[in-house]
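Here are a few short exercises to work through with the model open beside you. Try each task before reading on to its solution.

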Amino acid sequence: MSSSPTSSSSSGAPSAASNNPTTVFVFGASGDLAKKKTFPALFALFRSNLLPTHTRIVGYARSAMTPAELRERLSKFIRTPTDQDKKTLDEFFKIISYVHGQYDSDEDVIKLAKAAAEVEKKCAQPSSDCATDRVFYLALPPSVFIPISQQIKRHLTDNAGYKRLIVEKPFGKDLASSTELADALAANFAESEIYRIDHYLGKEMVKNLLILRFANVFFGAVWNRQFINNVQITFKEPFGVEGRGGYFDEYGIIRDVMQNHLMQILAIVAMDRPVDLSAEAIRDEKVKVLKSIPHLTVHDVIVGQYTRSGDGKVVGYLELDDVPKDSITPTFAQAVLHIKNERWDGVPFILKCGKAMPDRKAEIRIQFQDVAGNIFPHDLARNELVIRVQPDEAVYIKLMNKKPGLSTETVISELDLSYKQRYGGDYIPDAYEALILDVLRGDHANFVRSDELDVAWRIFTPMLHELERAKHKPEPYEFGSRGPSSADEQLKRHGGFTRHSQPYTWVPPAKH
Ligand SMILES: NC(=O)C1=CN([C@@H]2O[C@H](COP(=O)(O)OP(=O)(O)OC[C@H]3O[C@@H](n4cnc5c(N)ncnc54)[C@H](OP(=O)(O)O)[C@@H]3O)[C@@H](O)[C@H]2O)C=CC1
Ligand SMILES: O=C1O[C@H](COP(=O)(O)O)[C@@H](O)[C@H](O)[C@H]1O
């Protein structure tokens with residue numbers, strides 16, 4: 001059996017990872033991410049037979065827990081609608097074990113190494129080496145990344161097969177702290193062994209961007225400053241930061257969402273065609289386009305902080321127990337970026353993200369230029385290509401159409417590729433499922449490379465420091481509102497509103 005990773009099949013169909021015995025260590029197994037995302041994703045892969053045949057999962061955290069307690073904790077977040085799923089879940093728990101200990105203790109991590117060797121011995125086939133491949137998933141707060149990575153290197157990497165380290169964001173708070181973290185990880189793991197998760201890169205519609213852009217001749221032809229007026233990348237959530245105030249207040253929405261998720265999307269929307277689909281070719285193009293973006297200043301950004309809801313039922317950000325009463329941490333931000341290259345010079349990229357907004361939505365909106373020399377008696381709305389990342393994945397193009405009937409009136413309509421209607425019940429995997437499978441296959445394409453991170457921080461760090469130095473107060477906005485009104489004004493200033501007077505709302509098509 002080869003120890004090299006199996007790449008996805010040439011048809012692009014999902015393929016299992018290499019079939020070497022594999023141990024997946026989940027550090028922080030008692031935590032929120034582990035129960036909501038990591039274990040459910042591992043279960044989904046197990047159920048689809050996409051984990052290597054001899055896979056063992058070893059959870060590790062400081063909390064003492066029996067296997068039954070761990071099972072009870074995790075089961076609440078794993079959906080098992082059928083009896084067969086319930087049986088599969090029983091099988092899944094047979095491959096999971098748990099060890100508790102400190103993250104910086106030689107003694108405890110040696111105990112973990114011994115426990116892992118035991119379970120690996122049990123699953124070894126008579127003719128094969130014991131679990132030769134190891135994946136280390138850090139579902140931990142960033143303060144622990146460095147000590148645990150040192151411990152892993154010291155006590156858990158004597159296996160014969162690959163060693164892959166999965167790290168969760170935030171990757172630092174600014175350029176300096178990100179570089180410090182990168183250097184510390186690099187002291188113990190090669191870049192080829194590190195998988196930095198930005199889970200937006202695992203979302204179906206973000207993965208679809210490469211195909212939409214580079215497998216369709218008509219998009220390729222108009223994807224530039226001559227035809228595109230502006231690009232809007234939006235993330236909204238209808239809830240605040242209850243329960244996560246401590247973490248959130250230290251980071252804020254710019255570091256939590258904009259600098260990573262929205263910038264990753266921007267990079268894929270704006271990059272040039274990679275020479276091929278290899279991870280390095282794609283990431284080279286992303287780095288190249290990010291390098292063409294001048295760093296932001298406070299004048300490029302609008303920040304807001306949510307207050308109590310209009311009906312008084314939901315408390316404001318500053319009323320949360322774990323948030324300082326004088327916090328200036330933004331829960332909303334909108335920034336305008338420019339890409340100084342031949343393709344994009346003069347086209348604003350408007351990134352907007354907010355907590356406590358009216359609804360949940362993540363989308364990419366490409367607004368095309370106005371029609372020159374309009375011969376029709378009405379204003380023409382701009383064409384727009386909208387890629388809806390969530391909810392209800394869709395790609396649609398807004399266009400002008402003749403109103404059916406005897407008049408020649410124009411109406412705004414759309415060409416609509418709504419996934420539910422088009423693909424019915426086709427399964428759309430959770431981002432974490434797709435990304436963990438990529439790690440098992442050794443595919444880095446949907447992970448953040450260290451130099452990408454570096455450039456993204458170079459763009460944001462001066463503005464973040466300026467905001468903090470000046471103690472810039474975010475504008476208040478009511479929980480459940482659109483955010484500060486100055487954000488709409490900024491959008492208008494950068495051409496983000498069309499002049500058409502006809503009201504238009506996208507309505508998902510009725511099921512055929
Ligand atoms: N939760 C989410 O939805 C998301 C999380 N992430 C990222 O994933 C990582 C894990 O997040 P999440 O699971 O929410 O974090 P948690 O706060 O739940 O922490 C995970 C585990 O780490 C241990 N831990 C917590 N605080 C400390 C500490 N100060 N020192 C040592 N150990 C500690 C705890 O286990 P024990 O005490 O048992 O050791 C805890 O169960 C973070 O980097 C986060 O930013 C990214 C995207 C979404
Ligand atoms: O990384 C994060 O993402 C979530 C939103 O993720 P989604 O997949 O539900 O869209 C966000 O709530 C959180 O603040 C942030 O840390």
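**Exercise 1: strands side by side**

Start with one pair of residues: V303 stands opposite A333 in strand 9. Keep in mind that this is a predicted model.

Task: find which way strand 8 and strand 9 run, and how many bridges join them.

Solution: Locate strand 8 at residues 301-307 and strand 9 at residues 332-337. Trace both, and you will see that they run antiparallel, joined by 4 bridges.

**Exercise 2: the whole sheet**

Task: work out the order of the strands in the open sheet, and explain why strand 14 and strand 15 each have one side without a neighbour.

Solution: Step across the sheet and you meet 9 strands in the order 14-13-12-11-7-10-9-8-15, with mixed pairing. Strand 14 (410-418) and strand 15 (475-478) are at the edges and have a single partner strand each, so one side of each has no neighbour in the sheet. On average, neighbouring strands are turned by 20° against each other, direction ignored. Next, look for helix 7 (residues 204-214), which packs on the sheet and touches strand 12 (384-390) and strand 13 (394-402). Its direction makes about 145° with that of strand 12.

**Exercise 3: two helices**

Task: describe how helix 9 and helix 10 pack.

Solution: Helix 9 (residues 245-270) and helix 10 (residues 279-291) have axes 9 Å apart, at an angle of about 100°. Angles of 65 to 115 degrees count as roughly perpendicular, so helix 9 is roughly perpendicular to helix 10. In the contact, A267, I268 and A270 of helix 9 meet K286, V289 and L290 of helix 10. Sorted by class, these are 5 nonpolar, no polar and 1 charged residues.

Definitions and conventions
Residues numbered from 1 in each chain as written. Chains lettered and ligands numbered in written order. Predicted model: local features only at pLDDT ≥ 70, side-chain atom pairs only at ≥ 80, totals over all residues. Pairing = 2+ DSSP bridges. Axes fitted to C-alpha atoms, helices over the stretch in contact; angles between N-to-C directions. Contact = placed C-beta atoms within 7 Å. Parallel < 35°, antiparallel > 145°, perpendicular 65-115°, else oblique. Nonpolar A, V, L, I, M, F, W, Y, C, P; charged D, E, K, R; others polar.
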